[in-house]
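Me: Please take a close look at one part of this model for me: the surroundings of the ligand. I am a first-year student, so keep the steps short.

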Amino acid sequence: MDDKVTGGQGDRVMGERREMRSETQYDAIIVGARAAGAVMAALMAQENFRVLLVDRVTFPKTTLSCPLTFGNTFDVLKKIGVLEKIEAIGAPKLRLYQTQIGNVRLYGRMLPHAGFDYAYQIRRELYDEVIFNHVAQMPNVETRLGFNVTDLIWENERVVGVRGREGGGGDEIEIRAEAVIGADGIFSTIAEKVNAKKYNVIAGHTCIYFAYYENVKPAADEPTATIYYDADEHFAFVTANSDSDLTVISISLPASQFERVRQNYENVHFEYAQKIPEMGERMRDAKRVTPVYGVSPRDSFYREPFGNGWVLIGDAAYYKDPLPGQGIHDALRSAELATRAFVEYHALGKSERAWDAAFRVYHKTRDDETQPMYELTDFYADLERKRLPQEMDLFRAIAASPKWSNIYVSMFNGVTSVNWFRRFDTVLRILLEWRWRQLRDKLLGRRAIENRATELQSATTSPSRPTATRLQ
Ligand SMILES: Cc1cc2nc3c(=O)[nH]c(=O)nc-3n(C[C@H](O)[C@H](O)[C@H](O)COP(=O)(O)OP(=O)(O)OC[C@H]3O[C@@H](n4cnc5c(N)ncnc54)[C@H](O)[C@@H]3O)c2cc1C
């Protein structure tokens, strides 16, 4: 029977019974084998599900991303047994996280997340290959690289597999599974084929240009990630010590600048570095070792992450501006939550209702967990917003206190709750503590001057008292 029906979402082939070249049955086919997909394959395999992990590319292969990954991604990597291999890449541990706005600089150290108090900046071609190779040799995981998924197989309005081609050509191959997981990135084919609805869409604020360099002067006397905001010219530089003695330099600019910069993108970092004296100095002898990659403005969005027989994870399901460096964490977290839902679906008896109940929890938990950072990301990424004096006061107040600086940067590794940090009473406390310290320092300063005057006076009248020289 071939009952091809046309719905609002394009053609779906229902009830098809063609004999295909590959008929192996899997618990899940995961489309996309980078951060989200590879980790989900590993987690599913650990739960004894049989998984096929496919990607249209082969590894090593770079991609448009230059990620900082924080401690809250490492516990998942540890759980699937790959953290040691990531550590063996030898990238420096970044414990100091600096943010500079104008002439104010905040120095923060992340509070440990599950014992990890550092971040890594590792080139994606290394990072993804290490994870993929590790996952590929796990029991219960089969892989297929160079396999481009072009369509889905539907039966009784449920997704039951994928169609695709090897190496960009050749015969179309059908592969069947109980579920198809779209871990295929922001321009997800799976999302398109199931017509997954977007919501909470925010128009892209920024475009990004990044590259890796040698001979960049360090920002501190230890490996560091640093963000320099130029509030007047509306751009932000992110620099971080990466693997192989490289430094990543990424610049975020207002979306409107993308076309202009594209005319001379190869020089963009050197050009903008001149506007921030420290960056100019740091890049004086720098030599670029990769192309400059440009990322055009992209909308932020949530997508409905599941339906009959399909699930979306990672960027396919939820995308936001890269500036605060949350994408990989969120991708891995969605892999964890979706795996948990899959386990629950089986525990509940594998009915349609069980599927719905289990993945509703996935959907809600993902949204609840990510919404505060989604809003904060939008705030940061809006580089052209008017910075109110109150915002700068708060930044100064945080920067003036090592305690609050550490708590602030720990929003990015998930130790500090974003909602708590942005609460009125927290902000008030930070500002009051700052004002109190200013007042105290002023008083102490006055008292020190008064003490010194007394000492000086005593020294002139009594030779046995300490001399002024000793007081200096
Ligand atoms: C400039 C920039 C900087 C960033 N910086 C950070 C950062 O500092 N920290 C951070 O955590 N995140 C950062 N991110 C975000 C991060 O890169 C993403 O969130 C992350 O890569 C998402 O992983 P993913 O596995 O969901 O998707 P992807 O990494 O996009 O992987 C999708 C995979 O699916 C495959 N695929 C797609 N379609 C098909 C198909 N039809 N058939 C087969 N395979 C297919 C692709 O080949 C690809 O390998 C940054 C992003 C950008 C653009």
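Reply: One definition comes before the tour. A residue counts as buried if 20 or more other C-beta atoms lie within 10 Å of its own. It counts as exposed if there are 12 or fewer, and as partly exposed in between. Keep in mind that this is a predicted model.

Try the definition on Ala 183. This residue has 32 C-beta neighbours inside 10 Å, so Ala 183 counts as buried. Ala 183 sits in the loop between strand 12 (172-182) and helix 5 (189-194). What does Ala 183 touch, not counting residues up to four places away in sequence? The list is Ile 30, Val 31, Gly 32, Ala 36, Gly 37, Met 40, Ile 313, Gly 314 and Ala 316. Two of those names, Gly 32 and Gly 314, come back at the ligand, among the closest residues there. Now compare a sequence distance with a space distance. Ala 183 and Lys 198 are 15 residues apart in sequence. In space their C-alpha atoms are 16 Å apart.

Now to the ligand itself. It is surrounded by 37 residues. The closest are Gly 32, Ser 65, Gly 185, Gly 314 and Gly 327. Several elements give two or more residues each to this shell. They are helix 1 (35-46), strand 4 (51-55), strand 5 (68-69), strand 10 (147-155), strand 14 (206-214) and helix 9 (327-347). Which element gives the largest share? Helix 9 does, with four residues.

What kinds of residue make up the shell? There are 19 nonpolar, 13 polar and five charged. The shell also draws on two domains. At least three residues come from domain 1 (3-61 + 124-202 + 299-376), and at least three from domain 2 (206-295).

Two of the shell's elements, helix 1 and helix 9, also meet each other. Two packed helices are described by the angle between their axes and the distance between the axes. Here the axes of helix 1 and helix 9 come within 8 Å. They cross at roughly 35°. The crossing of helix 1 past helix 9 is right-handed. On the helix 1 side, the contact is made by Ala 35, Ala 36, Val 39, Met 40, Leu 43 and Met 44. On the helix 9 side, the residues include Ile 328, Ala 331, Leu 332, Ala 335 and Phe 342. By class, the contact has 12 nonpolar, two polar and one charged residues. Ala 36 and Met 40 of helix 1 are also touched by Ala 183.

Next, look just before helix 1. Arg 34 lies in the loop between strand 3 (25-31) and helix 1. Is Arg 34 buried or exposed? It has 26 C-beta neighbours inside 10 Å, so Arg 34 counts as buried. Leaving aside neighbours within four places in sequence, Arg 34 is in contact with Thr 63 and Asp 128. Arg 34 and Asp 55 are 21 residues apart along the chain. Their C-alpha atoms are separated by 8.3 Å.

The loop between strand 4 and strand 5 holds Pro 60. Most peptide bonds are trans. The bond from Phe 59 to Pro 60 is cis, with omega near 5°.

Then follow helix 9 out of its far end. Leu 348 is in the loop between helix 9 and helix 10. With 14 C-beta neighbours inside 10 Å, Leu 348 counts as partly exposed. Leaving aside neighbours within four places in sequence, its contacts are Ala 354, Ala 357 and Ala 358. Leu 348 and Ala 358 are 10 residues apart in sequence and 8.4 Å apart in space, C-alpha to C-alpha.

Lys 350 is found in that loop too, between helix 9 and helix 10 (352-381). Most residues other than glycine have a negative phi. Lys 350 has a positive phi of about 60°. Lys 350 counts as exposed, because it has 12 C-beta neighbours inside 10 Å.

Strand 10 leads to another such residue. Asn 156 lies in the loop between strand 10 and strand 11 (158-166). Its phi is positive, about 50°, although Asn 156 is not a glycine. Asn 156 has 9 C-beta neighbours inside 10 Å, so it counts as exposed.

Last, the whole protein. It has 15 helices and 23 strands. Buried residues make up 42% of its 472 residues.

Methods
Residues are numbered from 1 along each chain as its sequence is written. This is a predicted model: local features need pLDDT of at least 70, side-chain atom pairs count only at pLDDT 80 or more; totals for chains, interfaces and linings use all residues. A residue is near a molecule or strand if its C-beta atom, placed from the backbone, lies within 6 Å of it. Ala, Val, Leu, Ile, Met, Phe, Trp, Tyr, Cys and Pro count as nonpolar, Asp, Glu, Lys and Arg as charged, and the others, Gly among them, as polar. Domain bounds come from an automatic or database domain assignment. Axes are lines fitted to C-alpha atoms, for helices over the stretch in contact, and angles run from 0 to 180 degrees between N-to-C directions. A crossing is left-handed if the near helix is turned anticlockwise from the far one by less than a right angle, and right-handed if clockwise. Two residues are in contact if their C-beta atoms, placed from the backbone, lie within 7 Å.
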